[in-house]
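Colleague: I'm new to this one. Can you walk me through it?
Modeller: Sure, here it is.

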Amino acid sequence: MAIRDFMAPPASGLSVVRDVVASIGSRLTLNRSAAFSVALAVGLFAAAGSHAAESGVSREILPVPAPEFKGKIGETYKESVPDFGPAMPVTAPAGAPNFILIVLDDVGYGQLSSYGGPIHTPNLDRLAAEGLRYNNFHTTALCSPSRGALLTGRNHHEIGLAAITEAATGYPGSNGSIPKSAGTIAEVLKQNGYNTMALGKWHLTPYTAYTSAGPFDHWPLGMGFEKYYGFLGGETDQWAPLLVQDNHFIDTPKRPDYHLSEDLVDHAISDIRDQQQANTGRPFFMYLALGAAHAPLHAPKAFIEKYKGKFDQGWDKVREETFERQKKLGVIPANSELPPRNPGVEAWADLSDAQRKVYTRLQEVFAGFLDHADAQIGRLTAALDTMGLRDNTLIIVVSDNGASQEGLRNGTANTDRYRNYFPDTVEEMSTMLEKLGGPETDPHYPMGWSAAGNAPLKRWKQDTHAGGNTDPFIVSWPARIKDTGAFRNQYHHIVDVVPTILEVIGLAAPTSINGVAQMPLSGVSMAYTFDDAKAPTKKTSQYYEMLGSRAIWANGWTAVTWHEKGKDWADDKWELYNTDEDFSQAHDLAEQNPEKLKELQALWLEEAKKNSVLPLDDRRYERVADPSRPVAALPRSHYVFYPGTSILHPLAAPQILGVDHRITAKVELANSSAEGVLACSGGEFGGWSLYLKEGKLVYTHNYLKTHEYTVASAKPVPPGKHQLSVQFHPTGASKQPAFYTGDIVLSVDGETVGEIKDIKVAGQYSAITGYGLQIGRNIATPVSHSYEAPFAFNGKLESVTIDMGPDMTPKTKTMIAPAKDRHVDWD
């Protein structure tokens with residue numbers, strides 16, 4: 001029996017399996033799940049034609065052991081019979097589909113045109129028209145947690161991802177490291193005859209492994225993928241990304257008109273073509289996680305201009321228009337009500353003309369970014385059509401959380417500024433409207449557009465209200481899904497994707513992978529919804545917790561509370577909604593039905609204890625900056641670096657910002673016109689660089705692109721061997737904005753050749769994007785506008801040393817205290 005026959009109605013193989021389950025269960029008195037596993041082993045694996053099936057070995061223990069040799073060994077080959085079985089790879093079940101999981105970033109419920117949104121996404125619309133749209137699908141409300149849950153099928157606290165990996169704490173539910181007992185779907189499929197590829201955003205590597213020395217067991221290749229091309233962190237510059245290929249950092253591509261979304265899809269198409277031309281018959285599993293539409297919002301100018309004037313009516317009107325379209329399309333129930341605008345969002349009518357111009361332009365940039373991403377998805381599906389693969393390729397499209405409010409009130413042209421409590425002003429951004437979205441900017445839109453993007457739902461990313469965790473979810477599989485263009489309203493969660501994939505292939509969840517016992521899956525399969533729009537929801541409950549806020553859904557009811565940082569959790573106000581009747585959570589029934597609320601609160605606590613949610617933690621910036629947490633590299637007072645090495649992520653590099661330190665480059669110059677970067681960290685939007693320009697020694701400190709403090713030697717450095725140094729001495733610190741002040745001394749062979757007083761040094765540069773320490777070149781964007789990247793040093797560079805004063809090591813460094821209003825990106 002082929003797997004497609006097994007799954008195809010009306011002669012569904014599931015009924016066959018159920019019959020086998022009943023038969024075996026009645027004869028052997030097995031429980032239902034055990035009998036089902038036996039039936040799968042007997043019925044499915046026998047059809048697969050692999051050595052696992054031939055030997056009768058279950059695939060619940062991976063790797064599947066090789067079968068015994070069944071040939072004959074004589075004295076010579078003439079008297080012998082060969083058997084290649086033990087040497088043959090495991091094959092996938094016959095007819096098993098290909099999979100492509102496309103993950104959008106920070107895309108809200110009401111932004112795609114197929115969900116009633118104002119942004120033109122024709123290729124995603126086409127996938128929805130060819131498949132199914134789920135209008136009651138949920139995520140964790142944050143990046144790393146959702147991605148971990150998607151790939152493992154376990155709740156995010158169960159796998160140590162209470163928040164982003166950089167915010168790990170020393171508790172099981174938030175240690176930032178997915179345990180090997182939660183094997184990814186990629187690992188399962190790789191060991192069941194699939195080729196596996198990952199592209200794009202990862203953000204699942206622990207904070208202690210962001211180095212070119214690993215450890216690599218939590219990089220994509222260590223978690224089941226055979227190929228990887230993308231970026232490890234939470235975000236990257238789309239024009240000049242910090243990229244990883246397989247297990248090593250690579251230089252930023254420099255071709256004209258480069259954009260990361262295009263590059264990722266180019267690689268996706270190339271990977272599939274390579275896989276297909278090998279003609280092994282193996283299906284593939286591809287995880288494509290675009291940077292779109294997470295900040296920085298970067299898009300080709302033509303895509304941005306397409307939306308010129310399209311949002312001039314403002315976010316209140318756009319939200320209302322989206323709401324009405326959603327009703328007409330059937331995205332939301334006809335009786336849905338539009339709740340009032342979110343707290344903190346100003347009425348569009350109350351804004352100044354300058355605010356409206358800036359805010360509208362930032363929304364145009366966001367729309368262009370998402371539209372451009374949609375165009376790349378269209379290129380990928382067209383390639384599948386050309387290769388004849390579309391019919392039996394199951395494509396899932398999902399966002400990791402709701403639209404992001406991390407642009408705060410005004411948005412920004414440089415996200416590193418608000419991370420340092422120094423947000424751009426509307427007046428500053430007004431002077432650069434035509435540059436927004438281009439390589440000279442690192443923008444994010446204001447939270448008013450986020451509220452409109454989550455229409456008709458309350459709140460946004462990071463929150464446990466529906467706006468934070470309700471997302472578009474599209475499934476397209478032409479060979480199997482016949483009710484095309486329809487909606488499904490069953491309640492489901494991102495942990496349900498792995499069980500769905502396993503069911504449609506016909507695999508049981510493994511109990512052991514690579515010798516490690518596996519924790520049970522948290523989710524339930526969604527495959528029952530493919531054919532039956534009216535099937536009752538098989539999920540009974542789902543808890544939520546994010547940065548101290550909490551919620552739980554159970555059998556059509558939702559209890560939720562938003563937690564204000566620093567307040568007592570006992571003072572949190574819980575709300576109660578009958579979400580079967582009140583989709584948008586417009587009517588709080590907590591006072592009318594206190595018993596139901598207590599019931600759900602008790603269930604939340606029960607689920608919290610079971611899933612390692614406790615202790616509750618509402619810290620944000622402090623989690624990221626926690627000095628007690630282990631770091632990627634051991635701190636020391638003297639570091640030595642060499643040319644030709646990989647970039648060193650800020651989490652692994654010496655922590656020199658705001659502390660006494662000296663950077664020294666040992667060089668040999670053939671002439672007096674040597675040029676190039678000796679050492680640098682950061683990029684266009686902030687950082688520092690020590691370099692030679694026309695033979696002169698230069699140091700530039702780029703303070704968040706607001707000012708470049710530059711000091712240079714008066715004369716070129718003469719030929720020969722030299723020690724070229726810059727020394728920083730701190731003189732003060734500010735809490736808000738977050739910066740240090742200090743003095744710079746430039747020297748050649750110990751003699752001062754330049755000084756500059758009272759420069760400003762930000763509390764962090766590129767901590768999220770990862771543009772860390774580089775030796776001998778400046779890949780990605782240039783720190784200084786006095787040169788063009790990579791500006792590689794053309795002399796002989798022996799080494800670069802960094803020395804830190806004995807009283808200025810990280811353990812004694814004075815941390816800049818966080819402001820009350822956090823300005824940190826929780827990706």
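Colleague: Which residue follows H11, and what is the sign of its phi?
Modeller: Gly388 follows H11, and its phi is positive, near 70°. Helices (H or I, at least four residues) and strands (E, at least two) are DSSP runs, numbered from the N terminus. Before we go on, this is a predicted model, where local features need pLDDT of at least 70, side-chain atom pairs count only at pLDDT 80 or more, and totals for chains, interfaces and linings use all residues. Residues are numbered from 1 along each chain as its sequence is written, and side-chain values use heavy atoms, with hydrogens and water left out.

Colleague: Where does H11 run, and what is its end-to-end reach?
Modeller: H11 covers residues 353–386, which is 34 residues. From first C-alpha to last it reaches 49 Å, close to the 50 Å expected at 1.5 Å a residue. That expected span is 1.5 Å times one less than the number of residues.

Colleague: Is H11 mostly covered or uncovered?
Modeller: Mostly covered: 25 of the 34 residues of H11 are buried. Buried means under 20% relative accessible area, exposed over 50%, partly exposed in between (1.4 Å probe, protein chains only).

Colleague: Let's zoom out. How many helices and strands are there?
Modeller: The chain has 18 helices and 30 strands. Its C-alpha atoms fill a box of roughly 90 × 85 × 50 Å along the principal axes.

Colleague: What radius of gyration does the chain have, against a compact globule?
Modeller: The chain has 28 Å, which agrees with the value near 28 Å for a compact globule of 827 residues. The radius is taken over C-alpha atoms, and the globule rule is 2.2 Å times the number of residues to the power 0.38.

Colleague: And what share of the residues is buried?
Modeller: 61% of the 827 residues count as buried. The accessible surface comes to about 30,700 Å², and 53% of it belongs to carbon and sulfur atoms. Those areas come from the Shrake-Rupley method with a 1.4 Å probe; for residues, only the protein chains shown count as cover.

Colleague: What sits in the largest nonpolar core?
Modeller: That core has 76 residues, and Ile100 and Trp449 have the most contacts inside it. H11 gives the most to this core, with 13 residues. A nonpolar core is a set of buried Ala, Val, Leu, Ile, Met, Phe, Trp, Tyr and Cys residues joined through side-chain atoms within 4.5 Å. A second, separate core has 66 residues, including Ile185 and Val495.

Colleague: What does Trp449 touch?
Modeller: Leaving out residues up to four places away in sequence, Trp449 touches Gln111, Phe311 and Tyr359, among others. Contact means heavy atoms within 4.5 Å.

Colleague: New topic. What follows H8?
Modeller: Asn279, with a positive phi near 55°. H8 itself is residues 260–277; its 18 residues should span 26 Å at 1.5 Å a residue, and its end C-alpha atoms are 26 Å apart, which agrees. Among its buried residues are Leu264, Ile269 and Ile272. The cover over the buried residues of H8 includes S5, S6 and H11.

Colleague: Which peptide bonds are cis?
Modeller: The bond from Gly214 to Pro215 is cis, with omega near 5°. Pro215 lies in the loop between S5 (195–201) and S6 (227–231). The bond from Ala789 to Pro790 is also cis, again with omega near 5°. Pro790 sits in the loop between S29 (773–775) and S30 (796–804).

Colleague: What sign is phi at Leu408 and Arg459?
Modeller: Leu408 has a positive phi, near 55°. Arg459 has one too, at about 65°. Most residues other than glycine have a negative phi, and most peptide bonds are trans.

Colleague: Are those two buried or exposed?
Modeller: Leu408 is buried because its relative accessible area is 17%. Arg459 counts as buried as well, at 12%. Leu408 is in the loop between S10 (393–399) and H12 (415–419), while Arg459 is in the loop between H14 (447–453) and H15 (466–469).

Colleague: Last one. How many disulfides does the structure hold?
Modeller: Zero. A disulfide is a pair of cysteine sulfur atoms within 2.5 Å. Cys143 is buried, at 0% relative accessibility, and Cys680 is buried with a relative accessible area of 0%.
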